[in-house]
Amino acid sequence: MVATGLTVPWGMDFLPDGSALTALRNSGQVVRVRPGQAPEQVAQISGVNASGEGGLLGLAVSPGYAQDGYVYVYLTTTTDNRIVRFRLSAPQNQEPVLTGLARSTIHNGGRIAFGPDGMLYAGVGDAGQTANAQNPQSRNGKILRMRPDGSAPSDNPTAGSLVYSLGHRNVQGLTWDAQGRLYAAEFGQNTWDEVNLIVAGGNYGWPTVEGRANDPRFRDPLLVWTTAEASPSGAAVAGNRLFVAALRGTRLWTVPLTGTGGVGTPAAELTGAYGRLRTVEYGPDGWLWVTTSNRDGRGTPASTDDRILRFPPKDTTPPPPASHPPPRPRRRLRPPRLRRPHPRPRRRLRPRRRAPRRPSPAGSSGSPTSGTAGSPPRCPSPTWVSRSPVGR
């Protein structure tokens, strides 16, 4: 457990020191969290309008943070959805990067992330207007790709346009594998939620298609789930597995990746253990960081919600609760082992020098240890001695 008592933690990313920044949807605050420490507010984003599914949503730390110090956030205002950036050294100075995205109480999208190419990607929902998704002039219902300053890269599918892919309903998960392939988690309407492999210029079918259609005009998803099983939000890749956080499904999906852009059979972890799961990120500490979303108006919050949790990616079973460690069993003490002298030494020992024997007085009887004339003295009875075996 990294943090408790939060209200709808949404976007998350990591600073170079390993601490995490988290955007709180309803309050518009950005907090820094570290294991074993209380969350610390580091910024208050101005203009946040938290109505319905809107508010302070995605968060991304600049890949050049050591040089430029920028943190990016995606937020809903009273007039639009937008992306702004700021520095922790002066969080009150918030610079617009992209403005004018249509907003609504539903389908705002909101996930932002920097790709391995250094570009900023944004999942933008259709804002409840399904026609936006297939309209190339609209930036809603799309995945956008932009330079860090919000301008269009020259190698985007359409010159001068931020649109990277279209035909999306409500993308809330973006992540890349080790080969640089982009995966997106997307809410369906009533039937199928999706995980898509995103290619530049790809059309993913919404609103004509929900789920798989085998229509050559559109790209089919890699995976589909029923909306009760998933309602997917955040996504992260760790090693050769994709992790997807499920809201309505109240679980963490684990999806094997084939290494060639395909997927294996998904498995559900943490089912029902922590309620609605919003975000999953692979931290610089090698653990998965997962946020709950039980105070978003659709969950049943526990007294400690909302929470930020950590799990090892190869074993998503929750760690045991903190408690006093069980008593250690007493070790059975044994006396040192004693060994008899070996009848034959394992190594040749140099004989001791003995003083010359004095002749016994005539007629005296020998001592108990004396032998008869001309015979060597008898050794005393063997005693138990402690000896380390030779050669160990």
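**Accessibility, salt bridges and strands in a predicted model**

Biologist: Why does Arg 217 count as exposed?

Modeller: In this predicted model, the relative accessibility of Arg 217 is 57%. Exposed requires over 50%, so Arg 217 counts as exposed.

Biologist: What makes the contact of Arg 217 and Asp 215 a salt bridge?

Modeller: The side chains of the two residues meet at 2.8 Å, N to O. The cut-off is within 4 Å, so the pair qualifies as a salt bridge.

Biologist: Why is Asp 117 called partly exposed, and why is Arg 145 called buried?

Modeller: Asp 117 has a relative accessible area of 35%, and partly exposed covers what lies between the 20% and 50% limits. Arg 145 stands at 6%; buried means under 20%, so Arg 145 counts as buried.

Biologist: How do you know that Asp 117 and Arg 145 form a salt bridge, and what does the pair tie together?

Modeller: Their closest N and O atoms are 3.0 Å apart, which is within 4 Å. Asp 117 sits in the loop between β9 and β10 and Arg 145 in strand β11, so the pair ties together parts that are 28 residues apart in sequence.

Biologist: What makes Arg 278 and Asp 296 a salt bridge?

Modeller: The N to O value for these side chains is 3.4 Å, again within 4 Å. The pair links distant parts of the chain, with Arg 278 in strand β21 and Asp 296 in the loop between β22 and β23, 18 residues apart. Both residues are buried. Elsewhere, salt bridges with shared partners join Asp 117, Arg 145 and Asp 155 into one network. A search of the whole structure finds 12 salt bridges.

Biologist: Why is strand β14 called mostly covered?

Modeller: Five of the five residues in β14 are buried, and that term needs under 20% relative accessible area. Leu 182, Ala 184 and Glu 186 point one way, Tyr 183 and Ala 185 the other way, and all are buried.

Biologist: How do you know that β14 pairs with β13 and with β15?

Modeller: Pairing needs at least two bridges. Five bridges join β13 to β14 in the antiparallel sense, including the one between Val 171 and Glu 186. β14 and β15 are also antiparallel over five bridges, and Tyr 183 stands opposite Leu 197.

Biologist: What makes β5 and β8 edge strands?

Modeller: The open sheet has the order β5-β6-β7-β8, with antiparallel pairing. β5 and β8 each pair on one side only. For β5, the pairing with β6 runs over four bridges, against a minimum of two.

Technical notes
Residues numbered from 1 in each chain as written. Predicted model: local features only at pLDDT ≥ 70, side-chain atom pairs only at ≥ 80, totals over all residues. Heavy atoms only, no water. Buried < 20%, exposed > 50% of the residue type's maximum accessible area, 1.4 Å probe, protein only. Helix = DSSP H or I, 4+ residues; strand = E, 2+ residues; numbered from the N terminus.
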